[in-house]
Amino acid sequence: MDTSKFFRLDGRVALVTGGSRNIGKWIAEGFIAQGAKVYISSRKADACFATAEELGPNCIALPQDVSTVTGCQALAAQFAEHETSLDILVNNAGVAWGAPFETFPESGWDKVMDLNLKSPFFLTQALHELLKASARSDQPAKVINISSVDGERLNPWDTYSYHASKSALIYLTKRLAARLVTDHINVTSLAPGAFASDMNKAARDHGEDVAKRIPSGRIGNPEDMAATAIYLASKAGDYVVGSTIFVDGGIVNASLGNSIDA
């Protein structure tokens, strides 16, 4: 058994939404290091182009707001102008909203649900034919949804729509996997725990305090997220279908506490 190329992505083409910063950028950088060509998309065009320039010639910026079905279709059309097939789709774009239960607004509910739950479904739908064009029984195409530990357990904050969206995304991953595996497209999800990011300000600004409540004793780093995404995207993950991998230092499955601020 030759395992030397299990994690290589040579010749593969990937699209990562929310790819201009944090988790999306880390995944894009990891894919490129393993030989992939990576298209990144984000709502802010300047940030998208700046990240693509930083990551080098194998990173191409396709700025787009995918919070609407029209936006998802527009991104798919943009991508199709460059490529005739897609090997790996990472649905990473996401948003959070916190407000007290008594005053939680409809706008905060809809914004989160649209980007975190509706977008992964309709972007995958819009790119279905391009994913099928690359998919083979011996080398399936991959769809990786970025969910969250908050889809599996509670945090102490008033993030009602975020909890609901990420929990639903974990189950949507299973349902999409059941349908798309017949097209040789594997759908999985990654559920990050505490990573220092613009969305997770507790881990970003108070990492040492957060780390004390994580079984592994530390917050996650970019390599933790990139490595797990590479595993799922590469040959190493070809027999993983419908699963959610918690990249969280044990928060979900090895924690004795009721909740952790992650």
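Trainee: What makes strand 1 and strand 2 a pair?

Mentor: This is a predicted model, and in it strand 1 (residues 13-17) and strand 2 (residues 37-41) are joined over five bridges in the parallel sense. Pairing takes at least two bridges, so the five between strand 1 and strand 2 qualify. For one position to look at, find T17, which stands opposite S41 in strand 2.

Trainee: What sheet does that belong to, and which strands are called its edge strands?

Mentor: The sheet is open, has seven strands in the order 3-2-1-4-5-6-7, and pairs in parallel. Its edge strands are strand 3 (59-61) and strand 7 (244-247), because each pairs on one side only. On average, neighbouring strands are turned by 20° against each other, direction ignored.

Trainee: What lies across those strands?

Mentor: Helix 4 (residues 106-126) lies across strand 1, strand 4 (88-91) and strand 5 (141-146). Helix 4 runs at about 160° to strand 4.

Trainee: Okay, helix 1. Why is helix 1 called largely enclosed?

Mentor: Count the buried ones: 10 of its 12 residues are buried, so helix 1 is largely enclosed by the rest of the structure. Among them are I23, W26, I27 and F31.

Trainee: And how do you know how its span compares with the expected one?

Mentor: Helix 1 (residues 22-33) reaches 17 Å from its first C-alpha to its last, close to the 16 Å expected at 1.5 Å a residue. Just after helix 1, G35 takes a positive phi of about 105°.

Trainee: How many aromatic pairs are there, and why is the one between W26 and F195 called tilted?

Mentor: The count comes to five aromatic pairs. For W26 and F195, the centres are 6.0 Å apart and the planes 40°. Centres must lie within 6.5 Å, and an angle that is neither under 30 nor over 60 degrees counts as tilted, so the label fits W26 and F195. That pair links distant parts of the chain: W26 sits in helix 1 and F195 in the loop between strand 6 (185-192) and helix 7 (201-205), 169 residues apart. W26 and F195 are both buried.

Trainee: Then what makes F121 and F122 edge-to-face?

Mentor: Their planes are 80° apart, with 4.9 Å centre to centre. Over 60 degrees counts as edge-to-face, so F121 and F122 get that name.

Trainee: Are F121 and F122 buried or partly exposed?

Mentor: F121 has a relative accessible area of 30%, so F121 is partly exposed. F122 counts as partly exposed too, at 24%. Buried would need under 20%.

Notes. Residues are numbered from 1 along each chain as its sequence is written. This is a predicted model: local features need pLDDT of at least 70, side-chain atom pairs count only at pLDDT 80 or more; totals for chains, interfaces and linings use all residues. Side-chain values use heavy atoms; hydrogens and water are left out. Helices (H or I, at least four residues) and strands (E, at least two) are DSSP runs, numbered from the N terminus. The expected span of a helix is 1.5 Å times one less than its number of residues. Buried means under 20% relative accessible area, exposed over 50%, partly exposed in between (1.4 Å probe, protein chains only). Axes are lines fitted to C-alpha atoms, for helices over the stretch in contact, and angles run from 0 to 180 degrees between N-to-C directions. Contact means heavy atoms within 4.5 Å.
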